[in-house]
Amino acid sequence: MGVANDGPVEHGYPHLETVRASITALWKRLSYDTVQTFSTSVVPADMAFCDTDDLYLGAQRVARELVRHYRLPDARLVVGFREMQHAANVELAAGPEYFVELNDRFRTHRRDIGAALAHEVMHVYLHRLDLSFPGTRDNEILTDTAATYLGAGWLLLDAYREDGASSQKLGYLTPEEFGYVLAKRSLVFGEDPSVWFTSPQAYTAYVKGMDRARQDEQQPPLTAAGWAGRRRYARDRRHAPGPQPGVPYTFTPDGGGLRVSFPCPTCHQRIRVPVRGRVRARCALCRTVLECDT
Ligand SMILES: [Zn+2]
Ligand SMILES: [Zn+2]
């Protein structure tokens with residue numbers, strides 16, 4: 001895992017497509033029932049690590065909590081520290097023992113050990129699921145997204161801090177992208193993570209991410225779409241099935257009529273419904289009920 005330390009922190013949503021593909025991949029691989037078992041996040045008390053705690057015992061304790069949270073019953077994590085370029089690294093072997101190395105900097109930044117381990121233990125979880133994306137970059141985005149969506153990644157966002165001239169950020173997602181995934185999670189489970197933040201910058205990123213996540217719920221043909229979106233949709237429908245660049249929906253011929261496909265606002269799996277006015281659909285993957293005006 002990478003760490004941006006005292007360097008410029010990237011902002012915005014440059015990885016949004018991969019983040020959304022990661023959320024869909026998680027729902028597909030885990031299924032509805034398993035996703036539901038992650039309805040509560042790891043709590044700050046279980047991740048607390050202060051500078052007077054023993055370094056190794058404390059790191060082992062936090063790793064054990066994450067192993068328990070991700071439900072990796074027989075996995076044992078052995079945590080060590082060494083000088084290295086990256087923030088952390090995990091050796092993905094056959095198990096049940098996994099060796100995690102943390103950068104020496106965490107010896108004096110103990111409160112961020114939970115964040116680093118939330119990412120590394122998720123590598124173990126995805127490795128055991130045999131779920132990966134091709135390419136290191138996409139796979140790291142999958143790992144951050146999965147950690148956040150399944151309740152431990154708020155630690156990674158909270159490790160993002162800026163004060164005066166210095167900044168620190170862990171992981172591969174931008175702060176806003178972490179906020180977005182966290183917001184998607186809290187919309188599914190009705191959980192409010194904002195009370196856990198110790199970093200004001202993390203809180204701000206969460207608020208921005210929530211705005212973005214709400215926009216997903218307001219795209220046509222969903223009835224919650226705004227006036228401008230609906231107008232554009234009506235115009236595109238008149239020209240259908242021609243290409244409609246820049247919009248998330250696609251019209252296709254269906255017998256004498258049309259069908260429209262669009263991403264589910266919860267899991268981003270594509271939904272297909274006939275174009276015939278008001279339609280209620282249910283996403284087969286995440287079971288969200290979608291009110292549409294097609
Ligand atoms: Zn990683
Ligand atoms: Zn869905």
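What spacing do the donors of the zinc ion (ligand 2) follow along the chain? They follow C-x2-C-x15-C-x2-C. The legends below describe close-up views of this site and others in a predicted model.

**View 1. Four cysteines coordinate the zinc ion (ligand 2).** The donor atoms are the SG atoms of C264, C267, C283 and C286, at 2.3 Å from the metal. The angles subtended by these four donor atoms run from 100 to 116°, and the arrangement is therefore tetrahedral. For four donors, that term requires all angles to lie between 85 and 135 degrees. Two of the coordinating residues, C264 and C267, are both buried.

**View 2. Histidine and glutamate side chains hold the zinc ion (ligand 1).** NE2 of H119 and NE2 of H123 are donors, and E140 appears twice in the list of donors through OE atoms. The distances range from 2.1 to 2.8 Å. Along the chain, the donors follow the spacing H-x3-H-x16-E. The pair H123 and E140 links distant parts of the chain: H123 belongs to helix α4 (residues 113-129), E140 belongs to helix α5, and 17 residues separate them. What is the geometry of the site of the zinc ion (ligand 1)? The four donor atoms make angles of 51 to 138°, and the site is irregular. H123 has a relative accessible area of 11% and so is buried. E140 also counts as buried, because its relative accessibility is 11%.

**View 3. Helix α1 crosses helix α5.** Helix α1 covers residues 16-36 and helix α5 covers residues 136-149. Their axes come within 9 Å and cross at roughly 60°. The two helices are therefore oblique to each other. From α1, the contact is made by T18, V19, S22, I23, L26 and W27. From α5, R137, D138, I141, L142, T145, A146 and Y149 take part. The crossing of α1 and α5 is right-handed.

**View 4. Helix α3 crosses helix α4.** The axes of these helices come within 10 Å, and the crossing angle is roughly 45°. This angle makes α3 oblique to α4. The crossing is right-handed. Which residues of α3 and α4 meet? On the α3 side they are L55, A59, V62, A63, L66 and V67. On the α4 side they are I113, G114, L117, A118 and V121. Helix α4 is also the helix that contains H123 of View 2.

**View 5. S261 lies in strand β8.** The strand spans residues 257-263. Is S261 buried or exposed? S261 is buried, because its relative accessible area is 8% and the cut-off for buried is under 20%. Apart from neighbours within four places in sequence, S261 is in contact with P248, Y249, T250, R270, I271 and R272. Y206 is 55 residues from S261 along the chain, and the C-alpha atoms of the two residues are separated by 29 Å.

**View 6. H268 has a positive phi.** The value is about 70°, although H268 is not a glycine. Where does H268 lie? H268 is in the loop between β8 and β9 (270-274). With a relative accessible area of 13%, H268 is buried.

**View 7. R71 also has a positive phi.** Phi of R71 is near 60°, and R71 is a residue other than glycine. The loop that holds R71 runs between α3 (55-69) and β2 (76-82). R71 counts as partly exposed, because its relative accessibility is 43%.

**View 8. A cis peptide bond joins G95 and P96.** Omega of this bond is about 5°. P96 has its place in the loop between β3 (88-90) and β4 (97-103).

**View 9. A cis peptide bond joins P220 and P221.** Here omega is about 10°. Which loop contains P221? P221 is found in the loop between α8 (200-216) and α9 (227-238).

Terms used
Residues numbered from 1 in each chain as written. Chains lettered and ligands numbered in written order. Predicted model: local features only at pLDDT ≥ 70, side-chain atom pairs only at ≥ 80, totals over all residues. Heavy atoms only, no water. Donors = N, O, S within 2.8 Å, 3.2 Å for Na, K, Ca; no water. Tetrahedral: all angles 85-135°; square planar, octahedral: opposite > 155°, others 65-115°. Buried < 20%, exposed > 50% of the residue type's maximum accessible area, 1.4 Å probe, protein only. Axes fitted to C-alpha atoms, helices over the stretch in contact; angles between N-to-C directions. Helix = DSSP H or I, 4+ residues; strand = E, 2+ residues; numbered from the N terminus. Parallel < 35°, antiparallel > 145°, perpendicular 65-115°, else oblique. Left-handed = near helix turned anticlockwise from the far one by under 90°. Contact = heavy atoms within 4.5 Å.
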